[in-house]
Each structure stands twice: as structure tokens, then as C-alpha cells.
Amino acid sequence: LDRAIAASNIPGIIETAPSFRSLLIIYEPETIAADALVDELGKLIAQGLRARIVAGRSWTVPVAYGSPTDADLLEVSAATGLSREEVVAVHSSAEYQVYFVGFVPGLPVLGGLPPTLHLPRRPDPRPGIQAGCVMIGGMQGLIVPVTMPSGWYILGQTPLRCYSASADDPFLFRPGDRIRFRAVTAREADELSGLPGEEFLDPEP
Amino acid sequence: MDRMSLAIANALVGNRPTEAALEFAHAAGEWQIDAPGCRVAVSGGSFAITVDGVARAPFSSMTLTRGQRLHIGGASNAVWGYLAVAGGLNITPQFGSRSTHVRTGIGGWNGRAFQPGDAVPLRAELASGDPERAIDASPHQDAPYCVVMGPQDDYFDDASIGAFLAATYRVTHQMDRMAYRLDGCILKHAKGYNIITDGVVPGCIQVPGSGIPIVLMRDAPTVGGYPKIGVIVEADLGRLAQQRPGASVRFQAVSHVEAQVIRQRFLARMQIIAEDLGSPRLPLSRPG
């Protein structure tokens with residue numbers, strides 16, 4: 001529906017925000033009344049949306065697990081009953097899908113977290129989580145694009161930056177992209193830092 | 001945070017209502033005029049203003065010359081103030097906006113607040129000879145805040161909905177451009193407090209596990225995972241932004257249709273202010 005709206009000429013739509021099970025549409029009631037907008041959306045849907053999983057791009061994202069702190073990783077280990085190494089192995093063996101990008105600029109919200117790593121969020125969010133932190137929370141994963149508060153758990157840190165103000169497209173990931181995480185040492189992560197995001201795209205099959 | 005006050009400050013110096021101006025919280029400190037001349041105005045509240053030590057009034061334009069010092073102190077009746085300069089600020093838009101998102105360092109002037117020693121880039125270096133303008137500042141009304149209920153009001157039982165609409169909440173010190181945390185009646189969730197993350201807008205009233213509402217403000221995130229009991233209408237959000245910690249807040253439910261009428265009245269009022277002060281017409285659409 002989001003793509004159909006983008007390709008349509010419906011007037012008065014300022015912005016849309018897709019998420020797991022809803023689409024937020026911000027519109028100007030001066031330009032199009034709510035009932036007229038609903039009619040237009042109904043027409044788009046009636047035309048058949050041909051909902052397709054977009055062939056997203058595939059990324060391999062390096063992660064220095066246990067960085068910048070080991071504390072969360074040990075907490076996850078204790079809560080799941082897995083060893084530290086098993087947590088890393090499980091997290092880096094799965095394939096994730098970017099369901100949507102948001103909350104803060106460029107943040108990919110990831111589905112595909114193996115059930116053994118599903119954990120409730122912390123009761124209180126912590127401020128000041130740094131860009132590059134690779135986190136899990138609930139049934140989801142994410143990569144932190146800019147310093148932000150979060151109640152999720154930090155498993156490690158990637159040198160990859162998913163938001164870059166100076167890039168042509170400041171947002172590295174798009175909905176439909178697939179991500180695998182690859183464990184690297186802190187030294188390797190250092191060496192990889194500063195590389196353009198495209199370096200981490202998998203070769204086309 | 002307060003679009004009406006931004007529009008007023010701009011109108012006082014002859015700018016378009018959406019021209020970039022400086023927003024400040026509580027006080028704006030001292031500014032030295034480096035341009036040969038400029039016309040400025042302060043709006044938002046009864047801020048204590050002096051020029052070279054001489055008291056001046058907010059809600060009035062004033063023409064200043066090189067070397068003069070404008071001091072903007074506190075206001076007892078507002079949080080956010082606006083300093084507009086005739087001609088506007090020379091700021092390159094990012095993502096279609098000249099606003100600053102301080103939290104992420106995006107947009108505005110180097111993505112951050114101005115610090116002592118910074119120079120504010122102006123578009124016009126000379127003030128026009130037009131007569132000065134002033135407006136009577138209408139005090140913020142102590143009316144309830146209009147709320148369109150939902151989209152997750154079904155996460156609360158009838159008693160909690162009733163309590164929400166009957167209660168008096170207080171603004172707390174936990175307030176910034178992202179959110180205002182209220183204090184008061186604790187709401188009970190009927191279906192837990194975790195929803196599947198979905199879209200949010202400024203004005204959304206999220207109710208987290210604590211049962212105490214958090215109002216998302218201008219720098220709201222794009223999505224959130226707490227149930228939203230309702231959304232404060234745009235016209236009332238600036239008024240809420242101006243409430244200081246301890247101020248009381250009551251809510252009143254309105255329908256979608258009523259909310260649209262309120263919005264039209266709000267935009268019309270902004271337009272009338274701009275026209276009365278002789279500034280260019282407001283575009284009715286796309287504020288910001």
C-alpha cells in the first residue's frame with residue numbers, strides 16, 4: 001500500500017510511515033478530507049496491491065561481540081541459559097529481514113531473531129546508547145544509527161554506520177533488505193571502520 | 001514547539017510564518033549585533049528583554065544596529081521563546097527543513113544549538129525602514145487540551161478512559177523537545193502495555209507500563225511500542241509545550257470532524273495575525 005500511495009497522485013499526503021502491521025499516513029485535511037482520502041485508498045486497494053516481497057539487498061554486517069561492554073552479553077547469557085559463545089553463535093547464524101526503518105533516522109528494525117534469544121525489554125530504557133551498537137529486544141533486532149535511549153540489550157558493536165548525513169542516500173538499509181551478522185575481533189572492527197556501507201553488500205548471486 | 005508563537009515572531013519582522021527563527025527554552029542570553037543593522041522580535045511569552053541595558057518589550061519589532069547588545073532573560077508564563085530576524089536565517093535546508101534535531105545532530109546550524117562565540121548567519125544585513133510592528137500577546141488559555149481518542153484506546157477499560165478524561169495531570173520536569181512526561185492519575189491497561197510497534201506523531205499520548213501518560217512532542221520518534229490512548233490536536237500542542245512544570249493539564253475528547261474544524265480555526269487565526277501585521281500570506285498547507 002505504501003508503494004501504491006507513492007506511485008499514486010493522491011493529493012495532500014505529506015508523509016507515510018510503514019511499520020509491522022500498520023501504515024501511518026500524514027495528510028493535510030485542507031487539501032483532502034479524511035473520507036475522500038479513505039475513498040482514494042480504497043480504490044488503490046481495489047486495484048490489487050500485488051503485495052510482493054521486494055528482492056531486498058543482502059548485507060553481511062561485521063560485529064565485535066561483547067563490545068563496547070560485555071555486561072549485556074553476559075546478562076543475555078544468564079537469562080537465556082546459553083553460554084556467551086552460544087549467544088554469539090545463535091545471533092550470527094540467523095538471517096534477518098529489515099521490516100522497517102525508523103524510530104530514529106536510519107534505524108533498521110530486524111525480524112528473524114531466533115526464539116532462544118527472545119527476551120523482554122528492560123523495565124526502563126537506558127539513555128546514551130552509541131551508534132553502531134547491535135541490539136536485541138523482544139523478538140527483534142536492531143542496529144543503532146545515532147545516539148539514542150533504548151531498553152534493549154547490546155550484543156556487540158559494528159563499525160558499519162547505518163545513517164550518514166553526507167551520503168547521497170543517508171539511510172543505508174531499506175525495508176526488505178536481508179542482514180547476516182559476522183563475528184569479528186575488536187581489532188578487525190577497527191580496521192573496517194570508515195569504509196563506505198556498500199562495502200558490506202553481498203555480491204549479487 | 002509552539003508554531004503560533006513562531007508565526008507571530010516572523011510576522012512582527014515581516015517574514016513568512018515558516019521562516020527559520022531561533023527557538024530557546026527559558027532564556028536566550030546575550031546577543032551582539034554584528035550586521036550593520038537588523039530588525040528582530042521576540043515572542044512566546046513575557047521574556048525580559050533589554051537592549052544595551054534598556055528594557056524593551058516582547059511581541060514588538062525593534063531595529064538594532066551594529067554593536068548593540070540584546071539580552072533575553074526569563075519569562076514567568078512560558079517555556080519556549082522565539083527570536084526572529086527580518087529576512088530570516090541563512091540556513092541550508094536538510095530533508096526539506098531548516099529545523100535542528102539536536103538529539104541526532106541533524107539539520108539547522110551544524111546540527112546543534114548556538115554556543116557563546118558563534119555567529120548566526122543572516123540573509124539580510126540591513127533592516128528596512130518600515131514602521132515597527134507590535135501585537136497584543138493573548139495569554140495562554142487554561143482550557144482543556146482537545147484529544148482525538150485512539151488509536152489504541154481499546155487497550156484501556158471504560159473506567160480508565162473515564163478517569164483519563166476526568167483527571168487533572170501535572171507537567172513534570174521531564175520535558176524536552178521529544179516528550180513531556182505528566183504526573184497524576186495512573187491508568188490501568190486492559191490488554192497489557194506492549195503493542196506491536198507502529199507509527200506515532202507529535203501529540204500522541206503514550207501510556208507505558210507505569211500507567212502515567214507521556215505526550216510526544218515535536219521531536220517525536222517515527223514509531224513507538226506503547227499504547228496510545230489519544231492524540232492531542234495540533235492546535236493545542238503549542239499551548240501544552242508552553243506549560244511549565246507543575247502546570248495542570250486536563251483532556252477533552254473531540255471527534256475527527258471536530259478536530260478538523262479546530263485545525264481550520266487555528267490556521268485561520270495564524271493567517272489573520274500575519275495579515276494584520278502586513279506580512280506575506282500564510283500558505284494554508286504544509287506548516288514547517
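Begin by selecting Glu30(A) and Arg263(B): their side chains meet in a salt bridge, with 2.5 Å from N to O. The model on display is a predicted one. Between chain A and chain B the count is two salt bridges, and the pair just selected is one of those between the two chains.

**The contact between the chains**

Keep both chains in view and select the residues at their contact. Chain A contributes 26 residues and chain B contributes 22 residues. Within the chain A selection, highlight Arg21(A), Glu30(A) and Phe103(A), which supply 28% of the area that chain A buries against chain B, more than any other three residues. Taken together, the two chains bury about 2,100 Å² between them, and 60% of this area is on carbon and sulfur atoms.

Polar contacts may be displayed next. Four residue pairs, both members at pLDDT 80 or more, are in polar contact between chain A and chain B. Then select strand 1 (13-18) and strand 2 (23-27) of chain A, each of which supplies at least two residues of the side that touches chain B. Strand 2 of chain A gives the most to that side, with three residues. Coloured by class, the side of chain A that touches chain B shows 17 nonpolar, five polar and four charged residues.

**Strand 3 of chain B**

Hide chain A if desired, and select residues 37-43 of chain B, which form strand 3. How many of the seven residues of this strand are buried? Seven of the seven are, so the strand is largely enclosed by the rest of the structure. In a regular strand, side chains alternate between the two faces of the sheet. Here, both faces are covered: on one side Gly37(B), Arg39(B), Ala41(B) and Ser43(B) are buried, and on the other Cys38(B), Val40(B) and Val42(B) are buried.

Add residues 61-65 of chain B, which make up strand 6; this strand runs antiparallel to strand 3 and is joined to it by five bridges. Add also residues 80-85 of chain B, which make up strand 8; four bridges pair this strand with strand 3, again in the antiparallel sense. In strand 8, Val85(B) stands opposite Val40(B).

**Ser61(B)**

Which residue of strand 6 is the bridge partner of Ala41(B)? The partner is Ser61(B), and centring the view there is the next step. Ser61(B) counts as buried because its relative accessibility is 6%, where buried means under 20%. Display its side chain together with that of Glu132(B): the two make a polar contact at 2.4 Å. Beyond its neighbours within four places in sequence, Ser61(B) is in contact with Leu12(B), Val13(B), Arg39(B), Val40(B), Ala41(B), Glu132(B) and Arg133(B).

**An open sheet and a helix in chain B**

Move to the open sheet of eight strands in chain B, whose order is 19-12-13-16-15-18-11-20 and whose pairing is mixed. At its edges are strand 19 (248-249) and strand 20 (251-254), each of which pairs on one side only. Inside this order, select strand 15 (residues 204-206) and strand 18 (residues 228-232), which run antiparallel and are joined by three bridges. Ile205(B) stands opposite Gly230(B) of strand 18.

The last stop is helix 3 of chain B, residues 234-241. Seven of its eight residues are buried, so the helix is largely enclosed by the rest of the structure. The buried residues are Ala235(B), Asp236(B), Leu237(B), Gly238(B), Arg239(B), Leu240(B) and Ala241(B).

Technical notes: Residues are numbered from 1 along each chain as its sequence is written. Chains are lettered from A and ligands numbered from 1 in the order in which they are written. This is a predicted model: local features need pLDDT of at least 70, side-chain atom pairs count only at pLDDT 80 or more; totals for chains, interfaces and linings use all residues. Side-chain values use heavy atoms; hydrogens and water are left out. Buried means under 20% relative accessible area, exposed over 50%, partly exposed in between (1.4 Å probe, protein chains only). Two strands pair if DSSP finds at least two bridges between them. Contact means heavy atoms within 4.5 Å. Buried area is the accessible area (1.4 Å probe) that two parts lose on being put together, summed over both. A salt bridge is a side-chain nitrogen of Lys or Arg within 4 Å of a carboxyl oxygen of Asp or Glu. A polar contact is a pair of N or O atoms within 3.5 Å; within protein, one must be able to donate a hydrogen and the other to accept it, and residues adjacent in sequence count only if both atoms are side-chain atoms. Ala, Val, Leu, Ile, Met, Phe, Trp, Tyr, Cys and Pro count as nonpolar, Asp, Glu, Lys and Arg as charged, and the others, Gly among them, as polar.
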